[in-house]
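Welcome, and thank you for joining this short tour. Please have your viewer ready, with the selection tool at hand, and we will go from stop to stop together.

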Amino acid sequence: MKAHDEVIEFITAGPSIRNVANFQASAEAKARVESLIRKEKTDGLTPEEKSELDDFMTLEHIMRLAKARAHGHLSHAK
């Protein structure tokens, strides 16, 4: 499974605002991304690996924005 697949699965499951606010990538996904970053700095990445890393970084940015908005909604709901 590619690192970004679990983020896509999470989004398509229709998570609650609380679940968005609390989302964390799995240890496996984090390890995969760390591995890709290390490889990018040393050996370089294949085009497929580069695409996977780029996709994950884009989705991570989107999730950070979504989490910030979810935290805002939750704080206003109190």
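**Stop 1: Glu52 and what surrounds it**

Start by selecting Glu52 and the residues it touches. Apart from neighbours within four places in sequence, Glu52 is in contact with Lys2, Ala3, His4, Arg32 and Leu36. Please keep in mind that you are looking at a predicted model. Glu52 belongs to helix 4, and with a relative accessibility of 4% it counts as buried. Buried here stands for under 20% relative accessible area.

**Stop 2: His4**

Next, select His4, one of the contacts of Glu52. You will find His4 in the segment before helix 1. Is His4 buried or exposed? His4 counts as buried, at 9% relative accessibility. Leaving out residues up to four places away in sequence, His4 touches Glu52, Asp55, Phe56 and Leu59.

**Stop 3: helix 1 against helix 4**

From His4, move on to helix 1, which spans residues 5-12. Two packed helices are described by the angle between their axes and the distance between the axes. For helix 1 and helix 4, the angle is about 40° and the axes are 9 Å apart. The two helices, helix 1 and helix 4, are therefore oblique to each other. Their crossing, helix 1 passing helix 4, is left-handed.

Now show the side chains in this contact. From helix 1, select Val7, Ile8, Phe10 and Ile11; they meet Phe56, Leu59 and Met63 of helix 4. What kinds of residue make up the contact of helix 1 with helix 4? Seven are nonpolar, while no polar and no charged residues take part. Two of the helix 4 residues here, Phe56 and Leu59, were also on the list for His4.

**Stop 4: helix 3 against helix 4**

Turn the view to bring up helix 3, residues 27-42, together with helix 4, residues 47-77. The axes of helix 3 and helix 4 come within 10 Å and cross at roughly 125°. That angle makes helix 3 oblique to helix 4. The crossing of helix 3 and helix 4 is left-handed.

On the helix 3 side, select Arg32, Val33, Leu36, Ile37, Lys39 and Glu40. Their partners in helix 4 are Glu49, Lys50, Glu52, Leu53 and Phe56. The residues of this contact of helix 3 with helix 4 comprise five nonpolar, no polar and six charged. Glu52 from the opening stop appears in this group, as do Arg32 and Leu36, which it touches.

**Stop 5: a salt bridge between helices**

Charged residues are the theme of the next two stops. Side chains of opposite charge can pair when their charged atoms come close. How many salt bridges does the structure hold? There are five salt bridges in the structure.

Select Glu49 and Lys39, whose side chains meet in a salt bridge at 2.9 Å, N to O. Glu49 lies in helix 4 and Lys39 in helix 3, so this pair ties together parts that are ten residues apart in sequence. Glu49 counts as buried, with 13% relative accessibility, whereas Lys39 is partly exposed at 27%.

**Stop 6: a network around Lys50**

Keep the view and select Lys50, then add Glu40. Lys50 and Glu40 form a salt bridge, with the closest N and O atoms 3.8 Å apart. This pair links distant parts of the chain, since Lys50 is in helix 4 and Glu40 in helix 3, ten residues apart.

Now add Asp54 to the selection. Lys50 forms a salt bridge with Asp54 as well, the closest N and O atoms being 3.0 Å apart. Here Lys50 and Asp54 both lie in helix 4, four residues apart, about one turn of the helix. Together, Glu40, Lys50 and Asp54 are linked in a network of salt bridges.

Colour the three residues by accessibility if your viewer allows. Lys50 counts as partly exposed at 35%, Glu40 is partly exposed with a relative accessible area of 36%, and Asp54 counts as partly exposed at 34%.

**Stop 7: Glu60 and Ala25**

For the last stop, follow helix 4 to Glu60. Glu60 is partly exposed, with 28% relative accessible area. Select the C-alpha atoms of Glu60 and Ala25: they are separated by 9.1 Å, and the two residues are 35 residues apart along the chain.

Definitions and conventions:
Residues numbered from 1 in each chain as written. Predicted model: local features only at pLDDT ≥ 70, side-chain atom pairs only at ≥ 80, totals over all residues. Heavy atoms only, no water. Axes fitted to C-alpha atoms, helices over the stretch in contact; angles between N-to-C directions. Parallel < 35°, antiparallel > 145°, perpendicular 65-115°, else oblique. Left-handed = near helix turned anticlockwise from the far one by under 90°. Contact = heavy atoms within 4.5 Å. Nonpolar A, V, L, I, M, F, W, Y, C, P; charged D, E, K, R; others polar. Salt bridge = Lys/Arg side-chain N within 4 Å of Asp/Glu carboxyl O. Buried < 20%, exposed > 50% of the residue type's maximum accessible area, 1.4 Å probe, protein only.
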